[in-house]
Amino acid sequence: MKLSRRNFLKNSAVASALAAPGIWIPQSRGAWGATLTKGEPIKVGVLFSLTGGLAVPEEDSTLVMQYAIDEINAAGGIAGSPIEPVIIDAKSDFSVYSEKARELILRDKVISIFGCYTSASRKAILPIVMQRDNLLFYPTCYEGAECTQNTVCTGPLANQHSKDLIPYMVENFGKKVFFVGSNYVWPKESNKNAKIWLKNAGGELLGEEYIPLGDSEFGPVLNKIREAQPDFIFSTVVGASDIAFHRQFKQAGFSAEDMPIASLTTGEIETKAMGAEFGAGHFLSAPYFQALENPTNEKFVDGFLSSPYGKNGATHYNMAETYNSAYVFKAAMEKAIENHGFDEVTSARVREACAGVKLGADVSPEGETWVDGDNFNTWLVPKIGRCKSDGSFEIVKQADEHVAPDPFSIYPDAGSCKSNGLVAPDGSVRVDVI
């Protein structure tokens with residue numbers, strides 16, 4: 001049974017007595033977190049890595065979140081209350097993610113956490129978020145096959161990410177492909193999806209290699225690629241490893257003209273970090289590119305890069321999804337306050353209010369998006385870009401319309417994710433599926 005916030009407050013003295021010397025961790029699931037008072041700051045957690053192998057691109061997620069919060073606060077905040085970010089460096093260490101998520105909820109009493117870039121870090125904190133009935137805004141891509149009642153995702157799922165990319169590469173470069181990924185859940189699940197898209201496109205998988213997350217030695221993998229001679233590489237390598245992979249690929253004599261890399265993560269900020277000459281000619285699938293031509297994106301790019309947060313000199317799709325998540329939160333908070341009153345807003349009510357939230361083209365730099373009312377992922381327009389010699393991307397393909405998020409697209413027998421849980425074909429419902 002979930003504990004109400006009122007019951008929590010009533011029993012907080014008992015909890016405090018049991019808390020010494022560290023943070024008390026209840027074993028039952030309960031509604032822990034913010035205690036809101038109109039006019040006082042609304043605390044949110046910002047949990048990304050500012051150091052370590054995931055600092056590229058997670059530092060930018062922190063910076064753009066601060067930028068979005070400044071924008072919202074300058075425009076009056078939420079119902080007159082400013083948002084107060086509690087910024088944490090997770091240090092690219094999954095144990096730190098879980099430790100700090102617990103502190104954000106129990107000590108700082110945030111009403112929501114914005115954070116994580118890898119599925120490994122998301123899965124590290126979700127049990128804590130679910131047990132405390134808090135809310136995670138996860139603003140990047142992931143593999144799907146989850147159905148929780150405590151998550152809102154503003155990035156693409158596999159059916160919005162690689163489903164168009166694989167046939168595009170087969171059509172334009174050939175049928176033979178080699179998969180390279182970091183060794184954790186997202187690359188492996190993404191490749192399960194990609195194998196299906198590849199089979200449907202008539203392609204052939206010549207090899208599949210994974211390297212430890214954060215590793216930078218690609219010599220053995222490049223030797224296998226040289227031996228296999230694929231037409232293109234499908235990459236799910238992330239963070240600092242991604243920078244190393246692209247550099248060593250070119251230094252080993254491979255060229256983007258003969259064997260391009262099709263990535264789900266290598267965007268403007270990674271290319272800036274590795275040097276444009278190492279990214280030029282390669283491909284990225286994403287719902288957002290800095291080069292998108294629309295007034296909202298031009299305002300976003302100019303405003304962010306000229307702000308104190310624009311020190312890294314680029315915008316990219318994780319940043320756009322993070323920026324959008326702040327505005328989804330704002331809209332949901334306002335809806336929850338209207339429905340329940342300011343001091344009766346809980347994390348669960350914010351999440352409930354996220355259903356169907358639509359960001360118009362005047363807010364979202366990538367154009368109109370909206371949160372699915374059933375599975376709380378986001379309707380997006382997938383795009384494919386090719387990196388130019390200056391590190392910017394030329395959009396070479398764009399979906400004709402918004403694509404619905406389908407977290408179980410390759411597991412149809414699992415059922416359908418609804419707001420109350422994963423509904424199996426026999427009508428049974430499972431909650432907290434991760």
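In this predicted model, Asp-89 belongs to strand S2, which covers residues 83-89. Leu-47 stands 42 residues away from Asp-89 along the chain, and the C-alpha atoms of the two are separated by 6.5 Å. Once neighbours within four places in sequence are left aside, Asp-89 is in contact with Phe-48, Ser-49, Leu-50, Thr-51 and Val-96.

Gly-279 offers a second case. This residue is part of helix H10, residues 276-279. Pro-220 lies 59 residues from Gly-279 along the chain, and their C-alpha atoms are separated by 21 Å. Gly-279 has a relative accessible area of 3%, and it is therefore classed as buried, the limit being under 20%. Residues up to four places away in sequence not being counted, Gly-279 touches Thr-271, Met-274 and Cys-387.

**Helices H2 and H12**

Helix H2 comprises 20 residues, from 55 to 74. How far apart should the ends of H2 be at 1.5 Å a residue? The expected span is 28 Å, and the end C-alpha atoms are 28 Å apart, so the two values agree. Of the 20 residues of H2, 14 are buried, and the helix is therefore largely enclosed by the rest of the structure. Just after H2, Gly-76 adopts a positive phi of about 110 degrees. As background, an α-helix has 3.6 residues a turn, so residues three or four places apart point the same way.

Helix H12 spans residues 317-340 and contains Ser-325. Is Ser-325 buried or exposed? Its relative accessible area is 0%, so Ser-325 is buried. Beyond residues up to four places away in sequence, Ser-325 touches Met-65, Phe-114, Phe-137, Pro-139 and Thr-154.

**Aromatic pairs**

A pair of aromatic rings is described by the distance of the centres and the angle of the planes. The count for this structure comes to 20 aromatic pairs. Tyr-138 and Tyr-142 form one of them, with 5.8 Å from centre to centre and 90 degrees between the planes, an edge-to-face arrangement. In the pair of Phe-249 and Phe-254, the centres are 4.9 Å apart and the planes are at 20 degrees; because an angle under 30 degrees counts as stacked, this pair is stacked. Ring pairs also link Tyr-67, Tyr-288, Phe-300, Phe-304, Tyr-323 and Tyr-327 into a cluster.

The four residues of the two pairs described above are listed here with their accessibility.

| Residue | Relative accessible area | Class |
|---|---|---|
| Tyr-138 | 1% | buried |
| Tyr-142 | 6% | buried |
| Phe-249 | 1% | buried |
| Phe-254 | 9% | buried |

**Cavities**

Rolling a probe the size of a water molecule over the atoms shows where empty space is left. How many cavities of 30 Å³ or more does the structure hold? There are five of them. The largest cavity contains about 90 Å³ of space.

This largest cavity is lined by 13 residues, and those nearest its centre are Tyr-142, Thr-148, Thr-151, Asn-375 and Asn-377. Tyr-142 also takes part in the edge-to-face pair with Tyr-138. Which element supplies the largest share of the lining? Strand S5, residues 151-153, does so with three residues. By class, the lining of the largest cavity consists of six nonpolar, four polar and three charged residues.

Note on methods:
Residues are numbered from 1 along each chain as its sequence is written. This is a predicted model: local features need pLDDT of at least 70, side-chain atom pairs count only at pLDDT 80 or more; totals for chains, interfaces and linings use all residues. Side-chain values use heavy atoms; hydrogens and water are left out. Helices (H or I, at least four residues) and strands (E, at least two) are DSSP runs, numbered from the N terminus. The expected span of a helix is 1.5 Å times one less than its number of residues. Buried means under 20% relative accessible area, exposed over 50%, partly exposed in between (1.4 Å probe, protein chains only). Contact means heavy atoms within 4.5 Å. On a 1 Å grid over the protein atoms alone, a cavity is a set of points where a 1.4 Å probe fits but cannot get out, and a pocket is an open set with protein on both sides within 12 Å along at least five of seven lines; lining residues have an atom within 4 Å of a point. Grid points are joined across faces, edges and corners, and a volume is the space filled by probe spheres set on the points. Ala, Val, Leu, Ile, Met, Phe, Trp, Tyr, Cys and Pro count as nonpolar, Asp, Glu, Lys and Arg as charged, and the others, Gly among them, as polar. Rings of Phe, Tyr and Trp (its six-membered ring) pair if their centres lie within 6.5 Å; planes under 30 degrees apart count as stacked, over 60 as edge-to-face and the rest as tilted.
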